[in-house]
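User: Please take a close look at the interior of this protein and walk me through it in one connected answer. I would like to know what sits where and what touches what.

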Amino acid sequence: MSTLAYEQILPTVREELQSLKIIDIHTHLYMPSLGSVGLWGIDELITYHYLEAELFRSHSITPEVYFSLSKTEKADLIWKTLFIDNPPVSEATRGVVAVLQGLGLPTAGTLETLKDARAFFAAQKLEDHIGNVFNAAGISEVVMTNDPLDPAEYPLWEQGAEPDSRFHAVVRLDRILNKWPEHWSILKEKGYDVNLEATGNTASEVRRFISNWCKRMKPVYMACSLPDTFQFPEESTRAMFFREAVLPVCREFNIPMSIMIGVRYLVNPALKLAGDGVGKADLRAVERLCLEFPDNRFFISLLSRENQHELCVYARKFAQLMPFGCWWFLNNPSIVEEMTRERMEMLGTTFIPQHSDARVLEQVIYKWKNTRRTLAPILAGTYQTLAEDGRPVTRADIQHDLQKLFRSNFTNFVAGVK
Ligand code: HDL
Ligand code: ZN
């Protein structure tokens, strides 16, 4: 295959990114058989918690009054405040506009636009709509976040939720690892010999619980979010569960553990899901996990911008670490650019650049449009510099790397192969 001239590199990267079917490795989307747990449609898009946080900066309504409104009333207020009264220039507001554009719908900041969108979504059949949305986003499949202790979700699994090859399961462990006092009794009621103090058979029973859910869900990995204060080792129920339950089950099923560190939960409780903040984590905890558990693999995403460079250093020390995504407050072009450049400079293509974290189905359209738009010049710049330094670049080189970055780094890591 012929080498690319300097000026051909950026358009080639753009073309190959556009045609690539991406695997979205962390979302809060759900396969259709999990019913109403999965969110989709214009009112869910407009009441996304990112937009709720932005509403309170532009309107005098208090969170207490806002959360007493109906879903339609909330969406009407956000639409008027953030899309009609003000141009939607933030990442999250512009995203809704990009979704409407991606679905061929009107995008003007008018009440008519919202009315047209509601009519469109009301006419969609979810099964077909999922395929249309995945095509528009350029993704082949997504990875879910499945909580075996969520009362809205676990009964559906126990009744035998129909799998869907486009949706991969993940066992999410926040309620066990971060909120044991509030949740131990659910395991007890289900016949597991556990107690609040996590003594006696608790560790082995938590391991049995997690193992049973892995048999049921067949997860591609297990996951948890962790506070910025996370320490390991430490004298805590969480550390004991990591050592005696979670990581042994990961080895039993040969799957990675995804740890997402840096959340300051409910900094402003009044904002509910929108109330979390961010804090810089102490990555010596990651260092200790890697040293103590060399046979475990870890996906890792950190919420603080200030942790990103040292994560790249740790990934160079421990091949069992797979950095992924520009998570949550980092998923903005100004930070995605910085993070992706330093990752390519220090890790080559041995990381996963992005996940959508989508909570509402159609968000994948704007989140992946943003990622392609932001990363194309970063990736092209890397190849242009390589060409300048004497190594001509081909379209095949670019195809090879994009397949790794957006597909096979994930599929190989979950399978435990290099
Ligand atoms: O814990 C997580 O998986 C985070 O992504 C949270 O769900 C967060 O609320 C979020 O939606 N971030 O995008
Ligand atoms: Zn998430």
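Analyst: Happy to. A residue counts as buried when its relative accessible area is under 20%, as exposed when it is over 50%, and as partly exposed in between, using a 1.4 Å probe and protein chains only. Please keep in mind that this is a predicted model, in which local features need a pLDDT of at least 70, side-chain atom pairs count only at pLDDT 80 or more, totals for chains, interfaces and linings use all residues, and side-chain values use heavy atoms, without hydrogens or water. Residues are numbered from 1 along each chain as its sequence is written, while chains are lettered from A and ligands numbered from 1 in the order in which they are written.

Let's start with S258. With a relative accessible area of 1%, S258 is buried. S258 belongs to strand β6, which covers residues 257-264; strands here are DSSP E runs of at least two residues, helices are H or I runs of at least four, and both are numbered from the N terminus. Once neighbours within four places in sequence are set aside, S258 is in contact (heavy atoms within 4.5 Å) with Y221, M222, A223, C224, F299 and F324. Strand β5 spans residues 221-227, and β9 runs from 321 to 323.

Next comes L283, in the loop between β7 (277-278) and α14 (284-292). L283 counts as buried, at 2% relative accessibility. Leaving out residues up to four places away in sequence, L283 touches L302, N307, E310, L311 and Y314. L283 also leads us to another part of the chain: its C-alpha atom is separated by 9.4 Å from that of F232, although the two residues are 51 apart along the chain.

F232 brings up a backbone feature. The peptide bond that joins F232 and P233 is cis, with omega at about -5°, and P233 lies in the loop between β5 and α13 (237-253). Most residues other than glycine have a negative phi, and most peptide bonds are trans. Two more residues deserve a look in that light. K272, which is not a glycine, has a positive phi of about 55°; K272 sits in the loop between β6 and β7 and is partly exposed, with a relative accessible area of 48%. W328, another residue other than glycine, has a positive phi near 60°. W328 is placed in the loop between β9 and α16, and at 14% relative accessibility W328 counts as buried.

Now for the metal. The zinc ion (ligand 2) has three protein donors, H26 (NE2), H28 (NE2) and D357 (OD), lying 2.1 Å from it. Donors are N, O and S atoms within 2.8 Å of the metal, or 3.2 Å for Na, K and Ca, and water is not among the atoms, so a site may look incomplete. Along the sequence, the zinc donor residues follow the spacing H-x1-H-x328-D. H26 is in the loop between β1 (22-24) and α2 (42-46), and D357 is in the loop between α16 (333-347) and α17 (363-388), so this pair ties together parts that are 331 residues apart in sequence. H26 is buried, with a relative accessible area of 3%, and D357 is buried too, at 6%.

Helix α17 also holds Q363, which counts as buried at 1% relative accessibility. Residues up to four places away in sequence aside, Q363 touches L45, Y48, V99 and A358. L45 falls in the stretch of α2, residues 42-46.

Finally, helix α5 packs against two other helices. Axes are lines fitted to C-alpha atoms, for helices over the stretch in contact, and angles between N-to-C directions run from 0 to 180 degrees. Helix α5 (residues 71-84) and helix α7 (residues 111-122) have axes that come within 10 Å and cross at roughly 135°. That makes α5 oblique to α7: angles under 35 degrees count as roughly parallel, over 145 as roughly antiparallel, 65 to 115 as roughly perpendicular and the rest as oblique. In this packing T72, A75, D76, W79 and I84 of α5 meet L111, T113, L114 and R118 of α7. Helix α3 (residues 49-58) packs with α5 at about 60°, their axes 10 Å apart, and these two helices are therefore oblique to each other. Here L51, E52, E54, L55 and S58 from α3 meet K74, L77, I78, T81, L82 and F83 from α5.
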